[in-house]
Amino acid sequence: MTRRRWLLGLAALVAVVLVAAGAVVTTSLVSRPSPGPVAGPATPSPSSPAPTTPAPVTTSPTPPPGADLKGPLNLLLVGVDTRVSVPGWEPHADAVLVLHVPAGLGRAYLFSLPRDLVVDIPAYPKAGYPGGRTKLTHAMSYGSRVPGDKAHPSTAQGYELLRTTVSRYTGLRIDAGAVITFGGFDKLVDTLGGVDLYVDQRVASIHRRPDGRYRDRSGSTYTGPQMVYQPGNRHLTGWQALDYARQRYTAGGDYTRQRHQQQLIRALARKILDQGLARDPDRVEQVVAALGRTLVYVGGGRRLVDFAYALGGLPAEKFVLVGLPGDAVGSGGSYRGEQLLPVGRDFLAALRGGDADAYLAAHPSLRVRS
């Protein structure tokens with residue numbers, strides 16, 4: 001049975017990797033030996049005049065990577081359904097998350113935009129797209145089209161159009177981002193030894209059996225025993241974390257899935273920090289290796305290490321998870337997509353104005369708990 005490659009809003013996991021890698025960069029730079037003293041002349045002969053003490057040689061320290069990144073920063077983290085087994089399949093943005101780090105880089109706000117959010121997508125001549133008003137997820141697929149080469153869509157092009165669309169909708173400049181696909185995520189979680197997570201509601205998997213095997217499928221209908229995640233503190237393996245985060249046919253629909261994805265990201269961040277992984281370059285390399293080709297970094301002219309160093313001092317508890325509520329948009333009785341409620345749109349305005357903390361204090365229901 002062909003495995004459908006969902007994205008799972010785990011693109012924000014790159015932020016966790018950046019934080020861990022940043023701490024490693026910081027440690028290696030701080031502990032790097034300083035240049036030794038400049039060698040003086042050889043031992044003088046008896047007839048040589050007494051040497052004079054050379055003036056001390058001072059060198060300007062090399063600034064660390066990303067030292068000029070003071071914030072605010074906005075990272076666009078995208079999960080795509082690539083379905084590499086289907087020739088010519090256009091990548092779809094199944095999860096769209098934005099990490100906003102205010103000036104000073106001491107705090108971060110992570111929020112999701114609904115994949116079905118109805119937005120204005122600008123024209124994109126490179127892909128032959130004339131522009132239009134449709135679901136956000138389509139920006140990735142429309143932008144990925146390569147005229148004259150339908151069999152090889154470009155994820156990089158798709159990201160470019162999605163980035164422009166998100167920037168215009170939120171009013172935030174996007175500094176860098178990453179695209180993550182399905183493959184390798186379960187291996188990543190297993191590399192970390194699993195993840196501890198509080199399951200906040202009963203979630204029944206439509207895809208997996210209790211033993212991890214995929215359920216039988218006939219057309220669009222799944223049959224057979226289901227894996228069920230019961231409320232409470234749970235330890236999830238890689239396939240379980242992947243499966244749990246992808247479920248949207250549950251109470252709350254896609255908005256619940258967004259919340260669960262954010263909770264999983266925070267749990268992974270805590271796991272990394274609790275393990276001391278950020279101080280262990282070998283373990284960081286294992287995490288990055290586990291991501292492999294599933295991660296595409298788009299730096300906007302900046303190296304990944306620049307953002308890693310800049311975010312290296314941001315602890316997991318300073319990740320503020322924000323849920324933006326929305327509702328359905330219809331036309332003539334037909335479902336067109338989703339729209340954010342005014343309280344969500346106003347949060348974006350508060351974020352742009354630097355008043356996010358005050359706004360969240362006045363609207364505590366927007367904070368994602370547990």
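These legends go with a set of close-up views of one predicted model.

**Figure 1. The whole chain, before zooming in.**
The predicted protein chain has ten helices and 16 strands. Of its 370 residues, 48% are buried. Take the contacts in the chain with a separation of 6 or more: 68% of them are between residues 24 or more positions apart. The chain exposes about 17500 Å², and carbon and sulfur atoms supply 54% of that.

**Figure 2. Asp94, Arg115 and Asp116 form a salt-bridge network.**
The chain has ten salt bridges in total, and this view takes in two of the pairs listed here: Asp94 with Arg115, and Arg115 with Asp116. In the Asp94–Arg115 pair the closest N and O atoms are 2.7 Å apart. That pair links distant parts of the chain, with Asp94 in strand 2 and Arg115 in the loop between strand 3 and strand 4 (118-121), 21 residues apart. Arg115 also meets Asp116, this time at 3.3 Å, N to O. How covered are the partners, buried or exposed? Asp94 counts as buried because its relative accessible area is 4%. Arg115 is buried too, at 13% relative accessibility, and so is Asp116, at 12%. Since the salt bridges share partners, Asp94, Arg115 and Asp116 end up joined into one network.

**Figure 3. Asp357 and Arg107 pair up across 250 residues of sequence.**
Here the side chains of Asp357 and Arg107 meet in a salt bridge, 3.2 Å from N to O. Asp357 sits in helix 10 (residues 356-362), while Arg107 belongs to the loop between strand 2 and strand 3. Both ends of this bridge have some surface showing: Asp357 is partly exposed, with a relative accessible area of 35%, and Arg107 counts as partly exposed at 23% relative accessibility.

**Figure 4. Arg208 is buried without a salt bridge.**
Look for Arg208 in the loop between strand 8 (203-204) and strand 9 (216-218). Which side chain of opposite charge is nearest to Arg208? That is Asp243, 4.6 Å away. A salt bridge needs a nitrogen-to-oxygen distance within 4 Å, so this pair is not counted as one. Arg208 does have a backbone group close at hand: the backbone oxygen of Gly212 lies 2.6 Å from a polar atom of the Arg208 side chain.

**Figure 5. Helix 5 is mostly covered.**
Asp243, the residue from the previous view, is one of the buried residues of helix 5. The helix runs over residues 238-246, and nine of its nine residues are buried. Aromatic side chains to pick out here are Trp239 and Tyr244, both on the buried list. Gly238, Gln240, Ala241, Leu242, Ala245 and Arg246 are on that list as well.

**Figure 6. Helix 3 has the span its residue count predicts.**
How far apart are the end C-alpha atoms of helix 3? They are 22 Å apart, and because 16 residues at 1.5 Å a residue should span 22 Å, the two values agree. The helix covers residues 155-170. Its buried residues include Tyr159, Leu161, Leu162 and Val166, along with Gln157, Gly158, Thr165 and Thr170. Just after the helix comes Gly171, whose phi is positive, near 80°.

**Figure 7. Ala103 is an exposed loop residue.**
Ala103 is found in the loop between strand 2 (92-101) and strand 3 (108-113). With a relative accessibility of 60%, Ala103 counts as exposed. Setting aside neighbours within four places in sequence, Ala103 is in contact with Lys70, Gly71 and Pro72. Gly354 is also worth marking in this view: Ala103 and Gly354 are 251 residues apart in sequence, but 8.9 Å apart in space, C-alpha to C-alpha.

**Figure 8. His138 and its surroundings in helix 2.**
His138 is part of helix 2 (residues 137-143). The residue is partly exposed, with a relative accessible area of 22%. Which residues does His138 touch, not counting those up to four places away in sequence? They are Ile121 and Gly143. His92 is another residue to mark: His138 and His92 lie 46 residues apart in sequence and 6.5 Å apart in space, C-alpha to C-alpha.

How values were computed. Residues are numbered from 1 along each chain as its sequence is written. This is a predicted model: local features need pLDDT of at least 70, side-chain atom pairs count only at pLDDT 80 or more; totals for chains, interfaces and linings use all residues. Side-chain values use heavy atoms; hydrogens and water are left out. Helices (H or I, at least four residues) and strands (E, at least two) are DSSP runs, numbered from the N terminus. Buried means under 20% relative accessible area, exposed over 50%, partly exposed in between (1.4 Å probe, protein chains only). Lys and Arg count as positive and Asp and Glu as negative; His and the chain ends are not counted. A polar contact is a pair of N or O atoms within 3.5 Å; within protein, one must be able to donate a hydrogen and the other to accept it, and residues adjacent in sequence count only if both atoms are side-chain atoms. Contact means heavy atoms within 4.5 Å. Accessible areas come from the Shrake-Rupley method with a 1.4 Å probe; for residues, only the protein chains shown count as cover. The expected span of a helix is 1.5 Å times one less than its number of residues.
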